[in-house]
Amino acid sequence: MNKQEIIQKTSEYAKSTLAGEGSGHDWWHVYRVWKNGVHIGKDEEVDMFIVELACLLHDISDWKFNDGDETVGPKLAREWLQKLDVDENAISHVCDIIKNMSFKGAKTKVTAMQTKEGMVVQDADRLDAIGAIGIGRAFAYGGHINREMYSPDIPPQYHTTSEEYKNAKGPTVNHFYEKLLLLKDLMNTKTAQKIAEKRHTFMERFLDEFLSEWDGRS
Ligand code: ADP
Ligand code: NI
């Protein structure tokens, strides 16, 4: 199987595994991350085979849905790629990227991505958490886990450990302050930074409108 066929097969695998998922990790999230990755990767010196595979497999199984177990995703990805006879170096690289990607709190120590490929994939995923799509995903996910949209009585929390972040119970609007508005400054690549600026401004406008409508001011 050539690389293009491996990517094609992997996209079909991700699509059939994640289609219809309701919490924001559905196939279309993976599709958008894949497209973001291809776009950002064009401006970088990276192995696009690794970038595309890691984008496609990055949410194949998430810690939030495995009682906090962060090892299931990389394990599934490895099994899948071994089935397709992908070489061991590429498999390890893809699995390392998936392991290191997830955001777990504003003040927790973020493990820096080790490779350029990892940086591109992380940016691609983070872009899908901001802007118009990010707003949609946040409210979809908030509803999925029974959160209120907003409560003026509950201030945002800046989590210092990944445990705190995982167990947070605040309303969805708080998530903007706890994560989404922080992502712009965490982008690794110039291309993603530029896209993030635009999406960030849009979220700020959204929050202004939201909060002024809340108080009947507009
Ligand atoms: P990703 O798959 O982009 O790495 P996550 O797995 O952290 O993102 O979360 C999936 C989506 O749900 C993202 O758009 C994220 O912003 C959103 N989300 C995560 N936690 C919350 C929360 N507590 N409230 C609202 N949205 C959330
Ligand atoms: Ni993701």
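1. The nickel site is a good place to start. In sequence, the donor residues of the nickel ion (ligand 2) follow the spacing H-x28-H-D-x65-D. This is a predicted model, and in it the protein donors are His29 through NE2, His58 through NE2, Asp59 through OD and Asp125 through OD. Their distances from the nickel ion run from 2.1 to 2.3 Å.

2. Two of those donors bring distant parts of the chain together. Histidine 58 sits in the loop between α3 (48–57) and α4 (72–83), while aspartate 125 belongs to helix α6 (residues 116–127), and 67 residues separate the pair. Are they buried or exposed? Both histidine 58 and aspartate 125 are buried.

3. Histidine 29 deserves its own point. Its place is in helix α2, and with a relative accessible area of 0% histidine 29 counts as buried, because the cut-off for that is under 20%. The side chain of histidine 29 also makes a polar contact, at 2.9 Å, with the side chain of aspartate 59. Since histidine 29 and aspartate 59 are both nickel donors too, have a look at this pair while you are viewing the site.

4. Now step back to the whole fold. The protein chain has ten helices and zero strands, so you can read the pattern along the sequence as α-α-α-α-α-α-α-α-α-α. Of its 218 residues, 47% count as buried. Among contacts with a separation of 6 or more, 67% are between residues 24 or more positions apart. As for the outside, the chain exposes about 11400 Å², and carbon and sulfur atoms supply 50% of that area.

5. Helix α10 (residues 190–214) is worth tracing from end to end. How far should its 25 residues span at 1.5 Å a residue? The expected value is 36 Å, and the end C-alpha atoms are indeed 36 Å apart, so the two agree. Just after α10, glycine 216 takes a positive phi of about 70°.

6. Which residues of α10 are buried? They are Thr191, Ala192, Ala196, His200, Met203, Leu207, Phe210 and Ser212. As a reminder when you look at that list, an α-helix has 3.6 residues a turn, so residues three or four places apart point the same way. The cover over the buried residues of α10 includes α2 (27–41), α6, α7 (131–144) and α9 (172–178). Two of these names have come up already: α2 holds histidine 29, and α6 holds aspartate 125.

7. Alanine 124 is another residue to click on. It lies in helix α6 and is buried, with a relative accessible area of 0%. What does alanine 124 touch, leaving out residues up to four places away in sequence? The answer is Val33, Asn36, Gly37, Ile40 and Cys55. Alanine 124 is also 8.1 Å from lysine 35, C-alpha to C-alpha, although their positions lie 89 residues apart in sequence terms.

8. A quick word on cysteines. Cysteine 55, named above as a contact of alanine 124, is buried at 0% relative accessibility. Cysteine 95 is buried as well, with a relative accessible area of 4%. The disulfide count is zero.

9. Two loop residues have backbone angles you may want to check. Most residues other than glycine have a negative phi. Aspartate 85, however, has a positive phi near 60°; its place is the loop between α4 and α5 (88–100), and at 68% relative accessibility aspartate 85 is exposed. Asparagine 146 likewise has a positive phi, of about 60°, without being a glycine. You will find asparagine 146 in the loop between α7 and α8 (162–167), exposed with a relative accessible area of 71%.

10. Finally, the start of the chain. Methionine 1 lies in the segment before α1 (3–18) and counts as exposed, at 57% relative accessibility. Which residues is methionine 1 in contact with, once neighbours within four places in sequence are left aside? They are Ile6, Lys9 and Leu84. Leucine 84 is 83 residues away in sequence, yet its C-alpha atom is 7.7 Å from that of methionine 1.

How values were computed
Residues numbered from 1 in each chain as written. Chains lettered and ligands numbered in written order. Predicted model: local features only at pLDDT ≥ 70, side-chain atom pairs only at ≥ 80, totals over all residues. Heavy atoms only, no water. Donors = N, O, S within 2.8 Å, 3.2 Å for Na, K, Ca; no water. Helix = DSSP H or I, 4+ residues; strand = E, 2+ residues; numbered from the N terminus. Buried < 20%, exposed > 50% of the residue type's maximum accessible area, 1.4 Å probe, protein only. Expected span 1.5 Å × (residues − 1). Contact = heavy atoms within 4.5 Å. Polar contact = N/O pair within 3.5 Å; in protein donor to acceptor, adjacent residues only side chain to side chain. Disulfide = S-S within 2.5 Å. Areas by Shrake-Rupley, 256 points an atom, 1.4 Å probe, with all protein chains shown as cover.
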